[in-house]
Amino acid sequence: MTVTKEPEAALSAPRPQDLAELLLESSTPRRPSALSASLTFGWRAVLKIKHVPEQLFDVTAFPVMMILMFTYLFGGALAGSPGEYIQYLLPGITVTSVVMITMYTGVAVNTDIGKGVFDRFRTLPIWRPAPMVGYILGDLLRYALASLVILVVGLVIGFRPDGGFVGVVLGIAVLIGFSFAFSWVWTMFGLMMRSEKSVMGVSMLFLFPLTFLSNVYVSPTTMPGWLQAFVNVNPITKLVEAVRALMAGQFDGDAMMWTGGYAALFTIVFGAWTMRLYNRK
């Protein structure tokens, strides 16, 4: 009895099911990393500014109006002259202007929900928090631009930081880092509220007391004791103290500790709450 041997080429030839699996693997795109997905959504937020440049009105015109108005209206009464007052005011007004525009992160989230864009995002094979993180990353450009505009105007009208270039950069970096954490509060409201106007209304309800009942415009020592109790623990007050010290060439360890603690609290609590609402939306 003779045994027929198959040719070696036939034995080594791939099976049809193996070819199908290889073809499927080569045609399926790789799942993007968390960082890549977040940066992509951040770039999407930046492109919105490119196509609708009037969004930058609040980043440019509003800060300029604020700093000129408060410097020349109240500088003489509060510090003796606008030149003296600008040294105290500019770090605080920079904080106020940037913190105020963090609410637009929540407005953008709410707008995309209304258009049904989020339904498409949830079907994508990406890291779940990427769209939310991307919104905030895109807004970092707005925060940096607002800070730069205020600084340039301040230098023109007499602001002279003792901390020099390094102190100013460090102060702005701390401000942007805090604003990134603070933006999670508004993403939560963006998911909760039914309309853009509701998000803006609730945001201003919180932002006005936080920014005006602080040390931005005057020293807390001039305030009644009961008001000082709130002002001294206000996160905006601690942030202003940290930024003001860095721009003056100093380091306020206590203010930095409080600022870092508040930033961590906002990120952990409101970031987690945001993702819970996002997953259930």
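## A walk around helix α6

Start with the whole chain in cartoon view: the protein has 13 helices and 0 strands, where helices (H or I, at least four residues) and strands (E, at least two) are DSSP runs numbered from the N terminus. You are looking at a predicted model, in which local features need pLDDT of at least 70 and side-chain atom pairs count only at pLDDT 80 or more, while totals for chains, interfaces and linings use all residues. Residues are numbered from 1 along each chain as its sequence is written, and side-chain values use heavy atoms, leaving out hydrogens and water.

Now colour by burial. Of the 281 residues in the protein, 42% are buried (under 20% relative accessible area, with a 1.4 Å probe and protein chains only). Contacts here mean heavy atoms within 4.5 Å; among those between residues at least 6 apart in sequence, 77% join residues at least 24 apart.

**Select residues 103–115.** This is helix α6. Its 13 residues reach 19 Å from first C-alpha to last, close to the 18 Å expected at 1.5 Å a residue (the expected span is 1.5 Å times one less than the number of residues). Buried residues in α6 include M103, T105, G106 and V107. Step just past the helix and you find G116, with a positive phi near 80 degrees.

**Add residues 196–212.** This is helix α10, whose axis comes within 9 Å of that of α6, crossing at roughly 160 degrees. The axes are lines fitted to C-alpha atoms over the stretch in contact, and angles run from 0 to 180 degrees between N-to-C directions. The two helices are therefore roughly antiparallel, a label for angles over 145 degrees.

Show the side chains where they meet. On α6, pick M103, Y104, G106, V107, N110 and T111; on α10, pick E196, V199, M200, S203, M204 and L207. These contact residues divide into 7 nonpolar, 4 polar and 1 charged. Here Ala, Val, Leu, Ile, Met, Phe, Trp, Tyr, Cys and Pro count as nonpolar, Asp, Glu, Lys and Arg as charged, and the others, Gly among them, as polar.

**Zoom in on V109.** Is this α6 residue buried or exposed? V109 is buried, with a relative accessible area of 0%. Leaving aside residues up to four places away in sequence, V109 touches F118, M132, Y135, T187, G190 and L191.

For a last stop, select F189. Its C-alpha is separated from that of V109 by 9.1 Å, with the two residues 80 apart along the chain.

Technical notes
Angles under 35 degrees count as roughly parallel, over 145 as roughly antiparallel, 65 to 115 as roughly perpendicular and the rest as oblique. Buried means under 20% relative accessible area, exposed over 50%, partly exposed in between (1.4 Å probe, protein chains only).
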